[in-house]
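Let's take a walk through this structure and see which side chains meet, and where. Have the model open and click along as you read.

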Amino acid sequence: MADGAMDRNLFRYIWRHSRRDQLVIFAVVIASLPFYFWSLELPKRIVNDAIQGRAFSDGKQTVGAFDVTLSLPGFLGGGSWQLFPGFQLDQMGLLFGLSGLFLALVLINGGFKYWINVAKGALGERMLRRMRFDLVRLLLRFLPQTLHGIKPAEAATIVKDEVEPIGGFIGDAFVLPLFLGTQAATAMAFILMQNVWLGLLAGSVVAVQLIVIPYLRREQLRLGKERQIASRKLAGRVGEIVEGIEVVHVHDASRWELAEIGGRLHHLFDLRFRLFKRKFMVKFLNNLLAQITPFLFYAIGGYLALKGQIDIGQLVAVIGAYRDLPPPLKELIDWDQQRMDVQLKYDQVLQQFLPDQLMAEELQDPARGRNEPLVGPLVVQDLRIMDQHGQVVLDHFTLDTTLPQHVALIGEGAAASALARVIARRMEPAHGRLQLADLDLTRLPEAISGRRMAYAGPDPVLFPGSIRDNLVYGLRRCPREAALSDDPAYRRRLAEARATGNPVDDPETDWLDYAAAGASDPLSLDLALVAALELTGMGADVYRFGLSGRIDAGAGADLRERIVGARHRLRERLASEGMARLVEPFDPARYNAQATLGENILFGVPLSGPLRNGRLTADPDFGRALNETGLADLLVEIGLRIAQTMTEIFRGLPPGDPLFEEFSFIAADDLPDYGDMLRKVSLRGPSALTLPERLRVMAVPLDYIEPRHRLGLLDEAVMQVVLRARARFRDLARARGSVAFYDPAEVCEAAPLRDNLLFGRVAHGLADAEAKVTAAMTRLIEELGLREEVERLGLSYQVGPSGRLLTPAQRVRVHLARCLVKQPDVVILDGACTALGEREAERILRMLLDHLAGRTLIAVLRDDALGEHFDSVIEFDGAQARLVRVAQASHHQHFEEVQA
Amino acid sequence: MTLDTEVQALRQVPMFKDIDPARLKLLAFTSERVSYGAGQTLFEQGAMSDAAYVILAGTADVLIDTSNGRLAVALLKTSDLLGEMGILSDAPRSATIVARAGVRALRIGKRVFLELLGQFPQMAIAVMRELAKRLERTNARLASLSAR
């Protein structure tokens with residue numbers, strides 16, 4: 001077992017990490033037992049002494065009770081001291097006194113149970129946290145070659161789901177058998193003390209429960225496991241069918257697939273049925289035993305009581321004690337079952353997470369980073385690399401040179417890439433030495449390889465988040481001092497982390513190493529990020545993202561002013577260049593013909609509710625504004641006219657035709673409904689429409705733009721009503737805050753930056769209007785020095801899961817830029833640019849050669865078209881390498897000069 | 001100018017003159033109206049053919065790139081249809097069109113046009129008839145040329 005890993009035996013693992021807590025809980029459990037025993041004993045006294053009045057049998061009116069006497073056992077001399085004389089009570093007083101005591105004991109027992117449950121729960125959760133954390137930590141220590149064997153979904157399931165029942169069990173692992181066992185033993189002992197025969201009777205029933213039921217249950221468990229595997233496989237098969245459904249249809253295999261699934265379902269049914277029978281059998285037995293014993297107690301106990309061998313109080317107490325016996329026993333049996341189940345699961349989890357070899361823990365020690373650059377003589381001796389299947393990829397490779405320099409590894413096969421990966425610590429060599437100055441590269445701590453090297457492989461791995469988040473990933477090195485160190489919640493967090501072997505680092509604080517990117521604060525870092533993106537050819541994209549981005553609510557007043565200023569300048573600029581008519585600006589007092597009718601009423605960006613989903617008429621304020629201004633009736637009228645036109649011109653097109661989706665105001669499926677409404681209205685007028693119909697018709701014209709759709713529906717009068725509705729809606733919606741309204745003098749945070757600058761709509765039907773306006777806007781942004789701000793906004797663009805919101809080329813560019821941002825000494829380029837196409841890959845390579853002058857670039861190339869630009873060129877043919885050209889003396893000399 | 005006036009304009013185009021007005025209205029509705037200032041280019045020679053145009057108002061020059069520079073070979077005026085051959089044959093633009101005076105045109109997207117032809121045989125036949133007539137004219141001209 002590798003160091004730092006988890007114990008093979010679950011119990012040892014639990015004991016090792018929770019010994020102290022378990023012992024505390026033990027102690028409390030033991031402390032609770034006398035109270036429990038007392039609560040069993042007390043009913044006897046209540047019945048015998050208080051109710052039946054045995055304490056008063058010799059004619060006494062009062063009796064002493066609640067005295068506290070300390071007595072020494074006989075072998076210590078047998079002395080006794082009365083610490084508290086107690087009270088003198090009559091029969092009623094005794095009854096209520098004892099009953100009160102009983103109530104107090106019930107409360108105390110409940111209190112113990114509560115505390116024990118909470119402590120157990122906390123213990124279990126802490127262990128679960130530790131276990132999950134240990135698993136993830138192990139995952140991070142997997143060697144590249146072992147990592148290939150792990151399926152991401154499986155690892156996630158293990159960490160999330162499979163350890164969950166183990167965690168739930170941990171709290172009970174030691175405490176439960178102890179607690180229930182002692183409880184059952186106490187009850188058992190109590191019964192035995194009352195009467196040996198009744199005790200033996202209870203004991204034999206218990207024995208049956210303890211022997212027979214677990215036996216039956218064991219079979220049940222086995223079946224359950226079999227069922228779990230069978231249903232997991234069923235899910236897998238259904239998944240396979242769905243994935244391969246095309247093949248199923250192409251080869252007419254439906255019948256076979258159905259038969260196969262049918263067979264599985266039968267097997268599953270069979271298992272479940274057998275399981276059911278077992279389950280109910282166990283239940284039946286349990287119930288039977290539980291019911292039969294009281295019968296025996298009543299019969300035999302009653303007989304003994306009548307014979308005078310025990311008293312009624314004892315009998316009541318025995319029955320009471322017996323009632324307490326089966327539940328702990330049942331739970332004990334459950335516990336044993338769970339124990340087996342959980343140990344099995346734990347073994348399975350460990351099998352996945354304990355490969356033969358893990359990365360040595362010290363290689364991940366952050367303290368092993370160094371500040372010196374990775375330069376100096378590079379010596380490779382007799383290196384052999386093998387792939388996953390044990391094939392030799394590169395053999396007898398020897399090299400003697402000096403870094404920094406630019407090295408081209410040329411070859412079509414796997415050798416060049418394998419060497420690059422070995423240097424980047426993404427692969428372990430099978431044999432050989434790889435030394436840079438005084439560092440053994442095969443055992444380079446990640447604190448050095450991860451900071452001073454950057455490996456860009458063929459798969460651009462991006463994390464969900466913004467482009468910025470992805471770019472600074474390589475700078476997340478060390479957390480700043482937490483600002484909240486005095487906060488009690490924060491202290492508690494730290495204490496919990498320490499108690500569970502978790503890190504005390506705070507993920508919320510600033511982790512970025514600005515200096516590593518040549519920056520000093522978030523602002524200059526952003527500029528460095530943009531510069532890196534420019535290098536990898538993504539500057540224009542980021543600029544575009546910025547224009548479509550939303551202005552941060554935290555943006556300073558200065559930036560807001562500049563944006564509003566730019567908005568006015570853009571208007572002037574367009575006017576002075578004769579392009580004023582290309583954009584129709586938003587004017588609160590005028591209808592914007594280039595915007596939709598709905599936009600004209602809203603005159604802002606919806607923030608919430610139905611407005612946000614485009615269902616304007618569902619918004620109460622909106623409806624009210626339309627009704628109060630009389631626009632509602634107008635909209636119905638216009639909607640009916642549009643419906644009329646749509647039914648006319650789309651008649652004869654089949655319903656699924658793409659033209660419907662693209663052009664029609666009314667979906668093909670809805671057209672008949674509108675036809676009905678039109679007929680109804682032509683016969684009986686607009687009042688014939690029901691309210692839902694009215695709302696549907698009203699919604700139709702909201703997407704209408706006169707210059708685009710050209711149905712000639714809007715005249716000046718309608719526009720005036722729309723403006724009144726706009727004003728009314730604004731009054732209503734303002735209170736609710738459901739819309740961010742356009743205001744010529746303010747930035748609209750909910751709208752993209754582009755809309756904020758344009759503050760209007762580009763005119764429809766004018767050739768190249770969009771392109772001309774964009775060009776004018778870009779020129780202005782450059783002139784006003786706003787480009788930087790736009791690009792910074794673009795850095796906040798979300799890349800989506802695995803970067804899916806970016807194009808493949810953009811992903812590659814972000815991936816490359818991330819490698820450059822941390823300013824590594826050694827950049828290793830292994831097929832990262834292939835996805836960009838040959839020409840772009842070459843452009844980026846030239847750029848990198850230039851950008852990394854004085855630093856090391858190791859590039860895997862397919863041919864030597866650019867070989868002349870490299871200091872060293874190594875060609876690979878199969879597993880053999882040929883040193884075409886290796887930079888030597890001059891660099892050594894250069895290196896020595898640098899060192900001096 | 002509304003859809004109805006555009007339908008009137010479309011009826012003046014020989015290729016569309018026999019087509020049901022409701023279809024022409026659909027054609028107009030699914031097209032885009034675009035205005036060009038004098039000197040603005042409708043499309044460039046060699047570019048992808050993505051749309052046909054009907055000139056609603058104004059005039060435009062047809063320019064062809066030759067070894068001696070650009071040559072104006074024809075003048076397009078109201079109701080002329082242009083670019084339809086390119087979208088039918090999937091060939092790149094054979095000429096550059098530049099607005100002479102302000103041009104108002106109806107831009108019929110390639111996808112929409114082909115979709116309409118596919119859905120309405122009457123339209124497809126009208127287009128075929130027009131193309132057949134052109135071929136006939138070309139043949140006749142060839143015959144007269146070779147007879148010379």
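D541(A) and R544(A) sit 3 residues apart in helix α16 (residues 539-548) of chain A, which puts about one helical turn between them. Keep in mind that this is a predicted model. The side chains of D541(A) and R544(A) meet in a salt bridge, with 3.3 Å from N to O. Are the two partners buried or exposed? D541(A) has 18% relative accessibility, so D541(A) counts as buried. R544(A) comes out at 47%, so R544(A) is partly exposed.

Why do such pairs turn up? Side chains of opposite charge can pair when their charged atoms come close. Searching the whole structure gives 53 salt bridges over all chains. Here are some of them:

| Salt bridge | N to O distance |
|---|---|
| D541(A) and R544(A) | 3.3 Å |
| K25(B) and E648(A) | 3.6 Å |
| E84(B) and R134(B) | 2.6 Å |

Now look at the salt bridge between K25(B) and E648(A). This pair crosses between chains: K25(B) belongs to helix α2 (residues 21-29) of chain B, while E648(A) belongs to helix α21 (residues 631-649) of chain A. With a relative accessible area of 12%, K25(B) is buried. E648(A) is partly exposed, at 29%.

Next comes the salt bridge of E84(B) with R134(B). E84(B) is in helix α3 (residues 84-89) of chain B and R134(B) is in helix α5 (residues 121-147) of chain B, so this pair ties together parts that are 50 residues apart in sequence. E84(B) is buried, with just 5% relative accessibility, and R134(B) is partly exposed at 22%.

Salt bridges can also link up into a network. Which residues do that here? They are R573(A), E577(A), R779(A) and E783(A).

On to the aromatic rings. A pair of aromatic rings is described by the distance of the centres and the angle of the planes. Over all chains, a search of the whole structure turns up 22 aromatic pairs. Take F276(A) and F280(A): their ring centres are 5.8 Å apart and their planes are at 70°, so the pair is edge-to-face. Both of these residues lie in helix α8 of chain A, 4 residues apart, or about one turn of the helix. F276(A) has 44% relative accessibility and counts as partly exposed. F280(A) is partly exposed too, with a relative accessible area of 44%.

How far apart are the ring centres of F586(A) and F759(A)? They are 5.4 Å apart with the planes at 90°, so this pair is edge-to-face. F586(A) is in the loop between β11 (583-585) and α18 (597-602) of chain A, and F759(A) is in the loop between α27 (753-758) and β14 (760-762) of chain A, so the pair ties together parts that are 173 residues apart in sequence. Both F586(A) and F759(A) are buried.

Rings can gather in groups as well. F11(A), W15(A), F169(A), F174(A) and W335(A) make up one aromatic cluster.

Rings can also have a charge for company. K279(A) has its charged end over the ring of F276(A), 6.0 Å from the ring's centre. In another case, the charged end of R726(A) sits over the ring of F603(A), 4.0 Å from its centre.

Let's go back to helix α8 (residues 254-307) of chain A, because L288(A) is found there. At 36% relative accessibility, L288(A) counts as partly exposed. L288(A) joins M281(A), F284(A), I292(A) and F295(A) in a nonpolar patch on the surface, and together they have about 500 Å² of accessible area.

Finally, the strands. Strands of a sheet pair through backbone hydrogen bonds, either parallel or antiparallel. In chain A, 4 strands form an open sheet in the order β6-β5-β8-β9, with antiparallel pairing. Its edge strands are β6 (392-403) and β9 (439-440), each pairing on one side only. Strand β5 (residues 376-386) is joined to β6(A) by 8 bridges, and V380(A) stands opposite L399(A) in β6(A).

Elsewhere in chain A, strands β17 (residues 872-877) and β18 (residues 880-885) pair in the antiparallel sense over 5 bridges. Which residue is the bridge partner of F876(A) in β18(A)? That is A881(A). β17(A) and β18(A) form a hairpin with 2 residues between them, and G878(A) in the turn has a positive phi of about 60°.

Definitions and conventions
Residues are numbered from 1 along each chain as its sequence is written. Chains are lettered from A and ligands numbered from 1 in the order in which they are written. This is a predicted model: local features need pLDDT of at least 70, side-chain atom pairs count only at pLDDT 80 or more; totals for chains, interfaces and linings use all residues. Side-chain values use heavy atoms; hydrogens and water are left out. Patches are made of residues with over 30% relative accessible area and no salt bridge: like charges are joined within 9 Å, nonpolar side chains (Val, Leu, Ile, Met, Phe, Trp, Tyr) within 5 Å. Accessible areas come from the Shrake-Rupley method with a 1.4 Å probe; for residues, only the protein chains shown count as cover. A salt bridge is a side-chain nitrogen of Lys or Arg within 4 Å of a carboxyl oxygen of Asp or Glu. Buried means under 20% relative accessible area, exposed over 50%, partly exposed in between (1.4 Å probe, protein chains only). Rings of Phe, Tyr and Trp (its six-membered ring) pair if their centres lie within 6.5 Å; planes under 30 degrees apart count as stacked, over 60 as edge-to-face and the rest as tilted. A charge sits over a ring if NZ of Lys or CZ of Arg is within 6 Å of the ring centre and within 35 degrees of the ring normal. Two strands pair if DSSP finds at least two bridges between them.
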